[in-house]
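Got your viewer open and a selection box ready? Here's a short walk, one pick at a time.

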Amino acid sequence: MTWDRHQLAALAAVVRTGSFDAAARELHVTPSAVSQRIKALENASGQILVRRGRPSTATEAGHVLIRLGEQTELLEREAAAELRGADDVRVRLPVAVNADSLSAWFLPVLAAVAAKHAVVFDVHKEDEGESAELLRNGSVMAAVTAEPAPVQGCASVPLGSMRYLPMASQGFVDRYLDGPLGATLAHAPMLNFNRSDGLQQRYLRTITRRVASPPIHFIPSSAAFNEAVRLGLGWGLVPEQDLRPDEASRPDGLVRLDDQHVDVPLYWQHWRLESLLLRTLTDEVREHAAVALNDT
């Protein structure tokens with residue numbers, strides 16, 4: 001079966017923007033035209049592709065066709081860029097990456113790829129445990145994820161582990177941790193990146209040997225999270241590479257709570273597609289990760 005590229009683009013736009021009106025604005029057509037394209041695509045596939053609502057979302061069948069449309073567009077734009085040999089045709093490449101990787105080592109990857117190809121990146125910042133879902137539903141073509149098993153249609157490459165160390169400011173230690181670590185840490189203010197962040201609880205259970213319910217601050221930014229630890233707002237697990245070399249020797253430096261650490265294995269998953277751009281991106285990811293991450 002041959003699929004209409006304009007209809008596939010309309011489907012992707014509706015799901016990406018969440019509404020037919022927003023998709024119409026993005027595609028520079030009328031909402032009626034978007035609706036007609038979706039209906040035609042549903043008639044051709046014999047299945048409902050979009051759950052109409054606020055926001056509009058894709059069905060499982062819709063996700064299959066979104067992936068097809070994204071793959072087709074990538075290959076078409078790569079071919080156009082190669083034939084013209086110019087930067088006026090830029091390939092859009094959506095990728096997902098967790099906040100700590102984005103902050104610590106992933107941006108140089110994007111810069112290295114952009115120096116070699118005419119590309120614009122659409123970066124989705126997602127927890128490493130959540131990013132694989134974006135691959136499944138076709139929202140991204142590649143992702144840094146904690147899931148080793150490859151998503152259907154994808155290849156999985158082990159990258160190494162991000163190591164996190166339990167840290168707090170000296171003032172925080174003096175105020176809250178004046179006693180056995182397990183007993184005091186169970187009640188001391190804790191930092192979480194967001195409500196999906198389970199790293200601190202994972203470490204806390206190893207110390208307290210039980211499920212504790214300390215007060216929690218939610219700080220949804222890697223840089224702000226680390227700064228909140230330094231300011232004594234709470235204790236938290238800080239990526240090892242984010243610690244300053246002179247941290248321990250400064251009066252306001254951080255204190256490592258004990259000699260334990262939490263390692264989070266990371267994997268690079270990408271669509272199985274004969275794409276020069278995806279191949280270059282994967283090579284750069286592996287090269288930079290080999291320097292930045294610990295061996296798994």
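The stops below take in a helix pair, some salt bridges and two helices with many neighbours. Keep in mind that you're looking at a predicted model.

**Stop 1: H1 and H3**

Select helix H1, residues 5-17, along with helix H3, residues 31-45. Their axes sit 9 Å apart and the helices pack at an angle of about 110°. That angle falls in the range of 65 to 115 degrees, so H1 and H3 count as roughly perpendicular to each other. The crossing of H1 past H3 is left-handed.

Now show side chains at the contact. From H1, pick His-6, Gln-7, Leu-8, Ala-10, Leu-11 and Val-14; from H3, pick Val-34, Arg-37, Ile-38, Ala-40 and Leu-41. Colour the residues of this contact by type and you get 8 nonpolar, 2 polar and 1 charged.

**Stop 2: salt bridges**

Next, go for the charged pairs. How many salt bridges does a search of the whole structure find? The count is 9, and three of these pairs deserve a click.

Start with Arg-92 and Glu-70, whose side chains meet in a salt bridge at 3.3 Å, N to O. Arg-92 belongs to strand S3 (residues 91-97) and Glu-70 to helix H4 (residues 60-84), so zoom out a little: the pair links distant parts of the chain, 22 residues apart. Are the two partners buried or partly exposed? Glu-70 is buried, at 5% relative accessibility, whereas Arg-92 is partly exposed, with a relative accessible area of 23%.

Then select Arg-136 and Glu-133, where the closest N and O atoms of the salt bridge are 3.5 Å apart. Both residues lie in helix H6 (residues 131-136), 3 residues apart, or about one turn of the helix. In an α-helix there are 3.6 residues a turn, so residues three or four places apart point the same way. Arg-136 is partly exposed at a relative accessible area of 33%, and Glu-133 is also partly exposed, at 41%.

Now jump to Asp-263 and Arg-163, a salt bridge with its closest N and O atoms 2.8 Å apart. Asp-263 is in strand S11 (residues 262-271) and Arg-163 in strand S6, so this pair ties together parts that are 100 residues apart in sequence. Arg-163 is partly exposed, at 22% relative accessibility.

Before you leave the charges, select Arg-16, Glu-26, Glu-70, Arg-92 and Asp-122 together. Salt bridges that share partners join these residues into one network.

**Stop 3: H9**

Select helix H9, residues 199-208. Here 7 of the 10 residues are buried, so H9 is largely enclosed by the rest of the structure. The buried residues are Leu-199, Gln-200, Gln-201, Tyr-203, Leu-204, Ile-207 and Thr-208. Turn on the surroundings and you'll find that their cover includes S6, helix H8 (181-185), S7, H10, S9 and S11. Step on to Arg-209, which follows H9, and check its phi: positive, near 65°.

**Stop 4: H10**

One of the elements covering H9 is H10, which makes a handy last pick. In H10 (residues 222-230), look for the buried residues Ser-222, Phe-225, Asn-226, Ala-228, Val-229 and Arg-230. What do they pack against? Select helix H5 (99-114), strand S6 (154-169), strand S7 (190-192), H9, strand S9 (236-239) and strand S10 (254-256) to see the partners. Finish at Gly-232, just after H10, where phi is positive at about 85°.

Definitions and conventions. Residues are numbered from 1 along each chain as its sequence is written. This is a predicted model: local features need pLDDT of at least 70, side-chain atom pairs count only at pLDDT 80 or more; totals for chains, interfaces and linings use all residues. Side-chain values use heavy atoms; hydrogens and water are left out. Axes are lines fitted to C-alpha atoms, for helices over the stretch in contact, and angles run from 0 to 180 degrees between N-to-C directions. Helices (H or I, at least four residues) and strands (E, at least two) are DSSP runs, numbered from the N terminus. Angles under 35 degrees count as roughly parallel, over 145 as roughly antiparallel, 65 to 115 as roughly perpendicular and the rest as oblique. A crossing is left-handed if the near helix is turned anticlockwise from the far one by less than a right angle, and right-handed if clockwise. Contact means heavy atoms within 4.5 Å. Ala, Val, Leu, Ile, Met, Phe, Trp, Tyr, Cys and Pro count as nonpolar, Asp, Glu, Lys and Arg as charged, and the others, Gly among them, as polar. Buried means under 20% relative accessible area, exposed over 50%, partly exposed in between (1.4 Å probe, protein chains only). A salt bridge is a side-chain nitrogen of Lys or Arg within 4 Å of a carboxyl oxygen of Asp or Glu.
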